[in-house]
Amino acid sequence: MHMLNLGILAHVDAGKTSLTERLLHSAGVIDEIGSVDAGNTRTDSLALERQRGITIKSAVVSFPLDGVTVNLIDTPGHPDFIAEVERVLGVLDGVVLVVSAVEGVQAQTRVLMRTLRRLGIPTLLFVNKIDRRGARYEDVLRSAAERLAVPAVPMGTATGLGTPGARFVPALGPAALDVLADRDDALLTAYVEGTVTDGLLRAALVTQTRQALVHPVYAGSAVTGAGTDALLAGIRELLPAADGDPCGPVSGSVFKVERGPAGEKIAYARMFSGTLRVRDRIPFGEARTEGKVTAISVFDRGTDVARDEVPAGRIARLWGLSDVRIGDAVGAPRTVHEHFFAPPTLETVVLPGPDVDRRALHLALTQLAEQDPLIALRHDETRQEISVSLYGEVQKEVVQATLADDYGLDVGFRETTPLCVERPAGTGAAVEFNKKDHNPFLATVGLRVDPAPAGTGVGFRLEVELGSMPYAFFKAVEDSVRETLGQGLYGWRVTDCTVTLTHCGYSPRQSHAHQGFDKSMSSTGADFRGLTPLVLVEALRRAGTRVHEPMHRFRIEAPADTLGALLPVLAAAGAVPRTTQTRRGLCVLHGTVPAARVHGLEQRLPGLTRGEGELESAFDHYAPVTRGTVPRRSRTDHNPLNRREYLLNVTRRVGG
């Protein structure tokens with residue numbers, strides 16, 4: 001059986017979900033096409049998706065296509081839900097990237113195409129909404145070549161643009177030959193000699209598309225069905241089928257987790273190798289926890305059906321893996337992919353309503369974080385507060401509505417703030433010795449903190465002999481170092497540093513005659529876990545740290561005559577334009593801006609540019625905070641910055 005796992009990607013409102021409905025209807029899976037406006041589409045199953053008319057969670061639906069079973073994955077278009085797209089990319093064989101014929105190439109289109117090109121995923125472009133007033137086809141083709149910077153192969157021509165009778169006429173013309181010949185010596189030779197045949201041209205198209213060297217462009221309308229037959233033919237012919245040996249070792253990847261009616265976890269997994277069966281015991285996740293698969297369903301003709309097994313190449317829903325998380329490998333681990341998109345750079349405190357039970361809120365947020373691992377939770381026990389990390393304001397609204405609709409919890413939020421980091425300003429060292437200077441722990445720990453290049457994270461090294469104390473104590477020190485660096489001198493995560501263990505020592509195991517182990521005279525892992533934070537924060541104090549805020553790179557395209565109104569607003573927001581280009585009455589600005597100011601710019605841009613301005617932004621780097629008060633973050637640990645408070649919280653062995 002030939003399988004194809006196909007992603008539908010687009011910027012928001014390009015008609016991606018409507019196209020999914022049209023493809024399912026053309027394949028005979030559904031009798032009636034659902035409408036996003038009416039809230040009855042097949043893939044937008046969440047009540048909130050139907051209410052808002054946007055896709056929030058990825059959804060899988062299957063349809064047959066001339067002997068190929070296509071698992072079609074509809075993904076969110078709004079940039080606040082880019083993490084949902086990220087998880088899907090690793091399980092796809094091909095993609096249809098949808099562009100609106102009216103709005104053209106948007107900022108999110110560029111972000112998605114850059115990622116698809118980097119990953120080498122074969123991609124077709126579909127120019128949707130050719131029946132809408134203001135539709136353009138040739139302009140969008142040129143924009144794809146210029147703004148997306150990709151070799152686009154026109155797969156035909158569009159007629160009747162902007163009318164209900166708009167049509168797409170498939171044909172490979174001279175423009176397609178020019179693009180393909182640039183990347184195929186045999187085709188180029190035939191071109192020069194005048195011996196190009198349809199078969200040779202088509203073979204070059206298939207080969208180059210499957211290698212993600214070129215991107216065929218179709219056009220049509222999801223509403224009228226124009227061009228969708230040509231697109232389906234392209235999906236069948238040009239995109240590669242899923243590969244994988246069903247007889248090999250079992251290996252899969254979890255890209256989505258949801259909860260069933262009884263609260264049970266259901267994992268969506270793409271199988272890359274082997275065959276997974278019901279009642280198989282299988283390791284999964286970093287801890288290689290073993291779980292028993294209690295049920296399997298696969299996607300077939302618009303629904304999911306129970307099966308006893310799932311072979312390589314297919315996507316399945318798995319029951320029984322109670323501790324599974326998004327991104328976990330099932331069976332033999334695969335190469336862990338890097339994050340394709342930047343992590344969230346914003347944070348907000350959840351404010352429970354007057355009648356909300358805090359334990360119920362904690363449970364609900366924990367379950368939401370399970371479904372979206374980039375929504376990190378932070379608990380402040382002192383203030384009894386929970387913070388969540390976010391990509392943007394729309395995501396905050398969705399969390400609020402989900403808590404209300406699915407859990408009956410009324411919540412609000414504090415103002416969104418940027419997620420900063422701390423970096424050491426210099427080198428600092430500290431040491432505390434066993435049984436000296438009021439050290440209540442039976443341990444010696446010395447640490448040195450050195451700054452490291454930006455982006456390197458946290459490194460841990462030894463300047464002591466590995467055999468100088470039990471390995472478990474070394475492990476306790478390293479684990480405590482990494483945990484303590486989650487909150488630096490200002491409360492932010494400390495990164496880009498190297499921590500070196502310079503001193504160590506312990507009290508060997510002691511016991512009394514005819515009695516067991518005497519904990520009061522012998523070092524344990526708890527001694528090293530307790531002492532390490534005190535030593536580390538003292539080393540950080542001596543090194544000093546600087547708070548860095550997240551900075552976004554931006555691209556603003558606006559009418560050139562609005563530049564005078566735009567520049568002062570950018571300066572007030574702390575933005576720094578780097579380059580300015582002007583062409584055909586448009587001005588393009590590139591630069592950086594604090595992440596905290598991006599949402600404000602998005603809101604003001606239409607008024608400043610007569611509604612014609614376009615802002616594209618993405619996380620770029622962290623920069624030192626240079627304006628205003630250095631932001632602080634409340635601590636959620638035992639506060640090793642205050643020795644007395646820390647010892648009272650951690651141990652009874654306070655000593656002198």
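Two strands count as paired if DSSP finds at least two bridges between them; helices (H or I, at least four residues) and strands (E, at least two) are DSSP runs, numbered from the N terminus. The model is predicted: local features need pLDDT of at least 70, side-chain atom pairs count only at pLDDT 80 or more, and totals for chains, interfaces and linings use all residues. Residues are numbered from 1 along each chain as its sequence is written, and side-chain values use heavy atoms, with hydrogens and water left out.

**Exercise 1.** Give the strand order of the open sheet of seven strands, and state which strands are its edge strands.

Solution.
- The order is S2-S3-S1-S4-S5-S9-S6, and the pairing is mixed.
- Strand S2 (59–65) and strand S6 (152–154) each pair on one side only, which makes them the edge strands.
- Neighbouring strands of this sheet are turned by 30° against each other on average, direction ignored (axes are lines fitted to C-alpha atoms, for helices over the stretch in contact; angles run from 0 to 180 degrees between N-to-C directions).
- S2 and strand S3 (residues 68–74) run antiparallel and are joined by seven bridges.
- In this pair, alanine 59 stands opposite aspartate 74 in S3.

**Exercise 2.** Locate leucine 321 and decide whether it is buried or exposed.

Solution.
- Leucine 321 sits in the loop between strand S18 (315–319) and strand S19 (329–331).
- Buried means under 20% relative accessible area, exposed over 50%, partly exposed in between (1.4 Å probe, protein chains only).
- Leucine 321 has 3% relative accessibility, so it counts as buried.
- Its contacts (heavy atoms within 4.5 Å), leaving aside neighbours within four places in sequence, are Lys265, Ile282, Phe284, Gly291, Lys292 and Val293.
- For lysine 292, the C-alpha to C-alpha distance to leucine 321 is 6.5 Å, at a separation of 29 residues in sequence.

**Exercise 3.** Describe the salt bridges of aspartate 496 and arginine 610, with the accessibility of the residues involved.

Solution.
- A salt bridge is a side-chain nitrogen of Lys or Arg within 4 Å of a carboxyl oxygen of Asp or Glu; the structure holds 25.
- Aspartate 496 bridges to arginine 423, with the closest N and O atoms 2.6 Å apart.
- Aspartate 496 is in the loop between strands S29 (493–494) and S30 (497–506), and arginine 423 is in strand S25 (residues 421–424), so the pair ties together parts 73 residues apart in sequence.
- Both aspartate 496 and arginine 423 are buried.
- Arginine 610 meets aspartate 561 at 3.2 Å, N to O, and both residues are exposed.
- Arginine 610 also meets glutamate 612 in a salt bridge, at 3.6 Å.
- The relative accessible area of arginine 610 is 52%, whereas glutamate 612, at 49%, counts as partly exposed.
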